[in-house]
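Me: Hi! Could you walk me through a few spots in this one?
Reply: Happy to, let's look at it together.

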Amino acid sequence: MEIHANPAVFLYISLSLLLHLTATSSFSPADSHLINCGSAEPTTVDSDDRRFTGDSGIHFLTAAKTVPLQDPNPTSSSSPIYHSARVFTRPSSYAFGIREKGIHLVRIHFKRFNSERFNLFDAQFHVSVNGYVLLYNFTGESTQKDRPRPVIKDYVIWVDTEKLVITFTPSEKSRIGFVSAIEVISAPKDLIADMAQSVSSEKNERVDGLLKNAFETVYRINVGGLKVTPLNDSLWRTWLPDEEFLKSSDNSRRVFFSGRIRYQLGGASREVGPDNVYNSARVVASSNDLVPRANITWAFTVTEGYRYLVRLHFCDIASVSLGILYFNVYVNGNLAYGNLDLSSETYGRLASPFYADFLVDGDTSGVLTVSVGPSNRSMPHEVDALLNGIEVMKVNNSMASLDGEVSVKSVLRSPSRENVGVLIPLVAAVCLFLTASIFMQWRRTGVKDSVAWSRLPVDGSAAYSKV
């Protein structure tokens, strides 16, 4: 085992990529749909060397009145899957056949652009999947305001039917929606556990039944390491560096490992976390007879009113021997795991991955924090805390929504242009019917009145005298 503090060790990552590609090739999903929306090309190879199928003429798309759109000025540096889009002017769906029921990865790609026919900067729409609201009044806008960038929304969805249906519903405000690309991939069975430890200021307890919820991955962080692209992840995920999220890192340093990550049955698999997450970390380490009393803390912006599944990835690539690393783990300032001993969790092996799931509420502060630091069993002159990766996943609320207090029924009731077109003739027909009814009623009333007048004199003088 080697521990390095020099940034030059990043060179080993480029040398390990080829080995990693062969190591990750063993995962073969039963369901794998990669769709390049709005494209007439049979196959488009994206920037991560994956093959997307064009959606023109394929049976996935269940609405007839949609518009394929090409970006007239595509950015040369962007992936080819963002050079086209499918535009919707009414509720429309993609329906994917499911071979293997269970959890599925659903990634939806958006990239706004302007064309002569549609300006995607004016779009606002809702997205739902199999009874869950994923996006409500979404515009496709990226967080970077300087120029349009692709937006990738990443979900884990439980599927117990033979089809996964993604529906795009234009909002009444804009009347159009769009999508650039879609991924639907069956996930390994061990990707999401059915239980987690709920952590709060009052108590910690086990919570079961998580598996059949919908999750949105809002943060996926490679602690201490470089960005991990889909090319280097067996589930084609992106892991961002952690510097942007560091709140405090006193007495900490980054470490890197050039040896082999020892995946084990019963522990974290390569699909749970790739090598390039587990071979880097941030650690707290003492250099004298005193154990540092400082934590490393990361902070994430979250939405109040939702629960979050926080997955922390650990792999002891820093200790020189077993049984000397003990530390505490905190979520939102509450103790989530005390005196964590990784060697006991990994069956007595160093450089072996382990992960832990914690369920927390997004409080009124709008900030979720994760911290690791020394415990009362930490030792001087040793590594006293370690973390390799962080994932933060939003859990759907009681209305089966991941984006607001709305249900799928209310979203699908949003009026479309065609609905308005049908409504106008319908209103006209009702008005015509009411007019006819009034006229008939008037005629019947007129007949009765004429019978009553028949008793009066009918000669001309009498008639004029009556007038």
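Me: Which residues is serine 343 in contact with, leaving aside its neighbours within four places in sequence?
Reply: Those are Leu322, Gly323, Gly348 and Arg349. Keep in mind that this is a predicted model.

Me: And which helix does serine 343 sit in?
Reply: Serine 343 belongs to helix α3, which covers residues 342–345.

Me: Is serine 343 buried or exposed?
Reply: Serine 343 counts as buried, because its relative accessibility is 14% and the cut-off for buried is under 20%.

Me: What does the side chain of serine 343 make a polar contact with?
Reply: One partner is the side chain of aspartate 341, at 2.6 Å. The serine 343 side chain also reaches the backbone nitrogen of glycine 323, at 3.5 Å. Glycine 323 is also among the contacts we began with.

Me: Nice. Switching to sheets: what is the strand order in the open sheet of 4 strands?
Reply: The order is β6-β11-β8-β9, and the pairing is antiparallel. At the edges are β6 (92–97) and β9 (132–138), each pairing on one side only. From one strand to the next, the twist averages 10 degrees.

Me: How many bridges join β8 to β11?
Reply: There are 5, between β8 (residues 125–129) and β11 (residues 163–170), and these strands run antiparallel. Valine 127, for instance, has phenylalanine 168 in β11 as its bridge partner, while histidine 126 is matched with threonine 169 in β11.

Me: What about β6 and β11, over how many bridges do they pair?
Reply: That pair has 6 bridges, in the antiparallel sense. Glycine 97 stands opposite lysine 163 in β11.

Me: Why is β11 said to be largely enclosed by the rest of the structure?
Reply: Because 6 of its 8 residues are buried.

Me: Okay, and what order does the open sheet of 5 strands have?
Reply: That sheet goes β18-β21-β26-β23-β24, with antiparallel pairing. Its edge strands, each paired on one side only, are β18 (246–248) and β24 (334–340). Ignoring direction, neighbouring strands here are turned by 20 degrees against each other on average.

Me: Last one: how many bridges join β21 to β26?
Reply: The count is 6, with β21 (residues 296–301) and β26 (residues 367–374) running antiparallel. If you want a residue pair to click on, try alanine 299, whose bridge partner in β26 is threonine 369.

Terms used. Residues numbered from 1 in each chain as written. Predicted model: local features only at pLDDT ≥ 70, side-chain atom pairs only at ≥ 80, totals over all residues. Heavy atoms only, no water. Pairing = 2+ DSSP bridges. Helix = DSSP H or I, 4+ residues; strand = E, 2+ residues; numbered from the N terminus. Axes fitted to C-alpha atoms, helices over the stretch in contact; angles between N-to-C directions. Buried < 20%, exposed > 50% of the residue type's maximum accessible area, 1.4 Å probe, protein only. Polar contact = N/O pair within 3.5 Å; in protein donor to acceptor, adjacent residues only side chain to side chain. Contact = heavy atoms within 4.5 Å.
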